[in-house]
Amino acid sequence: MAYEPNRISRRMVLAGLAVGGVGAIIGCRPDERGSSTSVLQPNLDATLRIGVSRDLANGVEDPYFTHTSLMVHEPLIRLGDGLEPIPWLAERWQVSEDGLRWTFALRRGVTFSDGQPFNSAAVIRIIERNIQITPRTSPYTVMDARVAYGPIAALRPIDDFTFEIVHERPYPLLEATMSNFFSAMFSPNSFAPNGDFVGIPATTGPFILRQWERGQFAILERNDTYWGQRPRVRRIEVRVLPDPSTRVSALRAGEVDALVELGAILPVEADQLRTNPDIVVGADPISITQYLFFNCSQPPFNERRLRQAVTMAVDREEITRVIVRGYGEPGKSLLSVFSTRWFSPKGTPRYDPAEAVRLARAVLGDRRVAAVLPYADGSGQARPYKEIAAVLQTIVRPLGIDIRLQQLEAAALADVTNRGEWNLRFGQLGWANGDPDFILGNFLYSRGAANTTSKGGYRNEEADQLVEAGRQERDFQRRYAIYERLQEIAAEEAPVFALYHEKSAYAHHRRIRNLRQRLNFQPTFDTVEKL
Amino acid sequence: MVKVVLGHPGSSRPRLFRRAAPILCFVLCLTLVLAAPQIAPTDPNEVSMPRRLMAPNPSAFLGTDQLGRDVLSRILHGGQAAMITVLVAVAGSTALSTSVGILAGARGGLVDRVLCAVLDLLLAVPGLLVALAILGTLGTGRLAVIVALIGASWAEEARIVRSLVATLRSSALIEAAHALGAPAWRIGVVHVLPATLPTVVVLATLNLGQALLTVSSLSFLGLGTQPPSADWGTMLAESRAYLGAAPWLMVAPGACIVGFAVLANLVGDVLQGQADPRQRGR
Amino acid sequence: MSILGYLLRRALVALTTLVVVSVVCFLLVNAARGDPALIALEQSGETPTPDLLAEYRWQLGLNSPLPVQYVRWIERVVHGDLGRSILQRRPVATILGERVWPTLQLGLATLAVSTLAGVVLGVVVAFSRAPFVDVAIRSAVVVAAAFPSFLVAIGLIMLIGERLRLVPVAGYGSPQHLILPVLALSIVPAASTLRLTRSAVRSVLAEDFVRTARSKGLAEWTIAVRHVLPSAAAPLIASVGVRFGQILAGTVVIETIFAWPGMATAVITAISGRDVPVIAGYVLITGTLVIVANFLTDLVTRLVDPRVAAGAR
């Protein structure tokens, strides 16, 4: 507001510009300090300092309080490294002949950190609470008990360590849908009458959340009464550093020992960090896949051959290698190639640029059509949408398709998407429960969210029938056949295709060992060691 | 609130054209970016993977970016995008503030009091916050950014114009016009507007640099205008991840933003020195 | 006018301003584009089915007509309840309340540092007879004012944080954590304080009593401290309130870079999530802070320089 008289000569312009130039160049030399690796024993009392991109604790209103990444709460059923359900706090389960009655046997000798016993009464209390709060949003995953537990007719304990869920109709998806977040266990004393937590909840995991500040940090301490293998560090300080470049600076300055979890390091910066002798960079597959969707309800992509043409023209290997810089696996099917159980190579679309041009010519002749591709800048989350969009634009030009790029921020993009004002769009999905219906029942089913809420508009009788059949089918082989066929349909009809299956980069100092990331981006806090 | 006194403008307009160096420089830069499509060596959006992240060299004077696009061409085109946003916003803000300022200052009385109160209210909330609030409601996009920029700067200018006009109101010329029975709008357009012009030009020029910085900050926060060919702020924000691998990506847009803001301030200062005779002697 | 009357009048103006700001906030709440329920459900990356969406809208009370929402909003604000964040489901007052102090800390520290630096350098420049000092400092000011603060921040992180490892790169909690963000934020306000000080001091220097003092052979610094500064102080103090507002606006960019847990980081998330209750709350709180700062500034200015009362609006 103040605006004071001032006179400046030409000399000052030059001086000023010179200062400006110097300022802009500051700091590009790689770090030259030598490394100091040693063959020491791990320090079991160590404190590990981790930098992450987002809050991994989210408070009493969150359905789970913390992300599974913190290893504070544990589920009845976990997902394994191939996204298959594996027993955890539930030791085993069985389903009755008619498919209506699921019986779960619980692990014995587990107690919550407040001393409460883990038993069927506790489990039932939590499931009832999850039904009570449905639907409850969370930055991690929405709690929707109807999907998690199916059409429950009865929920009851059989004895202290056995309980059963009775369904109105068979719900074969249950073991997947109630995995991880959806059966996270909390002490029954953790809840307020409205279903919110009363404070930091008591849990059973290898770590206990001691203290946290939103947007700042979460402090974990080893649970010394943990029922399983005890962690190798005493304390973990998880610091929230939302700005990607600042995060890397903090690692280089030695303020944190490691950067892990979703979007911890941008691919370019990971490549930069590799030149630093003190730092180890790794990348592990995660369950997120990036897709490209076609709007099948309006021209030009209501025409199947044009969708196929675009799909065939996109060199997914090249995009993964050059733009994603190798931090991913080229898109092979709608279902992640990392899922050992459900992935089928029949779902892989052909890459054939010549055939793509031929197909497009057959539809368009010499005509050119326009297509709108709205997208959000994903660079903060290590998602190069901007770059892929620019490449797509170049790729489809020979097909006679002119893509108009429209960069929007997240909320505007959601708005445009859900009003159907798009022809192409990016989409990402983390495969939260490892069940194929989670993805195919969303993308290929005419009543799935991708086709209704997001206005994808894809409709195929066969796909609809298969999705509905898959939801009822209990035999694994037959289910596999259904989802294999659905993947195949996706490759043939191309309402959407996978661009790449993500790998998430992480980095840590040499003094840290055994730090990796699991498919659900959970860092291996349970085995990590500090020298 | 701070009072700003701008002296008696209109007294010596020929001198506006002296000490023209910064102005010439400024006009040259403006011409360059506005003529970008004609000068730029290549298509700013042409992706070429084999040419990615090339350091400045004879085939690409400012190097290439992560998609092999020519940085010089992008700077020129991006400058155009930024410039259009900034110029439209400044023009809008100037028009709005001048009209409101003249209305309040020339009419006086109740109108003046009410408008002044409104302006003071708006001044209480800093410009960038107003811009953020507008963007939060309208969503982002070039139009929203322009509205946000106008919202961020017009009140301050209107206040200055108003106090200038208030001092003019009692001047002999205008009192004479009133006495001769000229209609109010005519007095406003014929007598008051030209008299405020030098001040308004100074304000607009100073606002140019400020507006560019605001746009850059918004782009940095991911809330700026984002046409396919990036504006300078977006280029700067994007270049951050490549700071180690390709520092030239940051230098070029950074130097452009800083350089332009410096130039705009210099020009504003020169114009102001001309507009305010009391400044000249010092 | 008596000082009490002046005080009352200013307080009344401040209050009116607050009321207007709150009305603007309500308009914001209702003008937002984009479906907040959908955005909230989509924040984890999954698209909700239409059923789930409808149910969630109902749960949030977003289905009731606007006037009903309006009345509820006003009722709540009057009771100090700014509403609930759509994204986080927490009360806006809590979300922002726990972030006011960090932002205020940053703002006040910056105000102190930039004022001190600006006044000291401004006095030096004003008194300096060597043209070089004047030119050098003033060119530095022109350039500094043209630097986007995030560029300064990036440079500071790389140089002071990473290369020299003198202070922490990012975070919150200790006084050391304040250093980099305050430096990055201080440059622009320090530059304008410098300009203002210089011109205020110069105009005082031209006045008769200074010439008299000089002719008496008093040392320059005695003249500066005893005679010039007190007379030049009024415009400086008067500008503090406005400057504080500008600094608060500047925190938006700086907090994000330095992982500073202030209000700005919350509001950026809110903007991209159309979480309008949070945006409105932010404008309301920041507006209040600035209004209070302006009010205090006016008050102090009035105490220091009674002439202001006569010329006051």
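A polar contact is taken here as a pair of N or O atoms within 3.5 Å, one able to donate a hydrogen and the other to accept it. In the predicted model, the side chain of A:H73 satisfies this description with the backbone oxygen of A:T66, which it reaches at 2.8 Å. A second backbone oxygen, that of A:Y64, lies 3.5 Å from a polar atom of the A:H73 side chain. A:H73 is situated in the loop that runs between strand 1 (47–52) and strand 2 (77–79) of chain A. With a relative accessible area of 4%, A:H73 is buried, because the value falls under 20%. When neighbours within four places in sequence are set aside, the contacts of A:H73 comprise A:Y64, A:T66, A:H67, A:T68, A:F181, A:A184, A:M185, A:F186 and A:T203.

The domain arrangement of chain A is considered next. Chain A is divided into domain 1 (47–52 + 204–284 + 504–530), domain 2 (68–190) and domain 3 (285–503). Between domain 1 and domain 2 of chain A, the C-alpha centres are 28 Å apart. Their contact draws on 21 residues of domain 1 of chain A and 19 residues of domain 2 of chain A. About 1700 Å² is buried between these two domains of chain A, and carbon and sulfur atoms account for 60% of this area. On the side of domain 1 of chain A, 42% of the area buried against domain 2 of chain A is supplied by A:T204, A:W227 and A:L519, a contribution exceeding that of any other three residues.

No salt bridge is found across the interface of domain 1 and domain 2 of chain A, the count being 0, whereas 8 residue pairs are in polar contact between domain 1 and domain 2 of chain A, with both residues of each pair at pLDDT 80 or more. Strand 8 (207–213) and strand 9 (217–222) of chain A each provide at least two residues of the domain 1 side that touches domain 2. Strand 8 of chain A gives the largest share of that side, with 3 residues. By residue class, the side of domain 1 of chain A that touches domain 2 of chain A consists of 13 nonpolar, 5 polar and 3 charged residues.

The interface between chain C and chain A was examined in the same terms. Here the contact takes 62 residues from chain C and 64 residues from chain A. The buried area between the two chains is about 5100 Å², with 54% of it given by carbon and sulfur atoms. Across this interface of chain C and chain A, 4 salt bridges are found. In one salt bridge, the side chains of C:E55 and A:R146 meet at 2.7 Å, N to O. Residue pairs in polar contact between chain C and chain A, both at pLDDT 80 or more, number 10.

Several helices of chain C each supply at least two residues of the side that touches chain A, among them helix 2 (36–42), helix 3 (50–60), helix 5 (92–127), helix 7 (149–163) and helix 10 (220–257). The largest share of this side of chain C, 7 residues, comes from helix 7 of chain C. The residues of chain C that form the side touching chain A divide into 28 nonpolar, 18 polar and 16 charged.

Particular backbone geometries were also identified. In chain A, the peptide bond joining A:T134 and A:P135 is cis, with omega about -10°. A:P135 is placed in the loop between helix 2 (120–133) and helix 3 (145–149) of chain A. A cis peptide bond also joins A:P299 and A:P300, where omega is about 0°. The loop that holds A:P300 lies between strand 12 (279–294) and helix 7 (304–313) of chain A.

Positive phi values occur in residues other than glycine. A:A494, which is not a glycine, has a positive phi of about 50°. This residue, A:A494, occupies the loop between helix 14 (476–493) and strand 17 (496–509) of chain A. The relative accessible area of A:A494 is 1%, and A:A494 is therefore buried. In chain C, phi of C:R165 is near 50°, again a positive value in a residue other than glycine. C:R165 lies in the loop between helix 7 and helix 8 of chain C. The relative accessible area of C:R165 is 37%, and C:R165 is accordingly partly exposed.

Definitions and conventions: Residues numbered from 1 in each chain as written. Chains lettered and ligands numbered in written order. Predicted model: local features only at pLDDT ≥ 70, side-chain atom pairs only at ≥ 80, totals over all residues. Heavy atoms only, no water. Domains from an automatic or database assignment. Contact = heavy atoms within 4.5 Å. Buried area = accessible area lost by both parts, 1.4 Å probe. Helix = DSSP H or I, 4+ residues; strand = E, 2+ residues; numbered from the N terminus. Nonpolar A, V, L, I, M, F, W, Y, C, P; charged D, E, K, R; others polar. Buried < 20%, exposed > 50% of the residue type's maximum accessible area, 1.4 Å probe, protein only.
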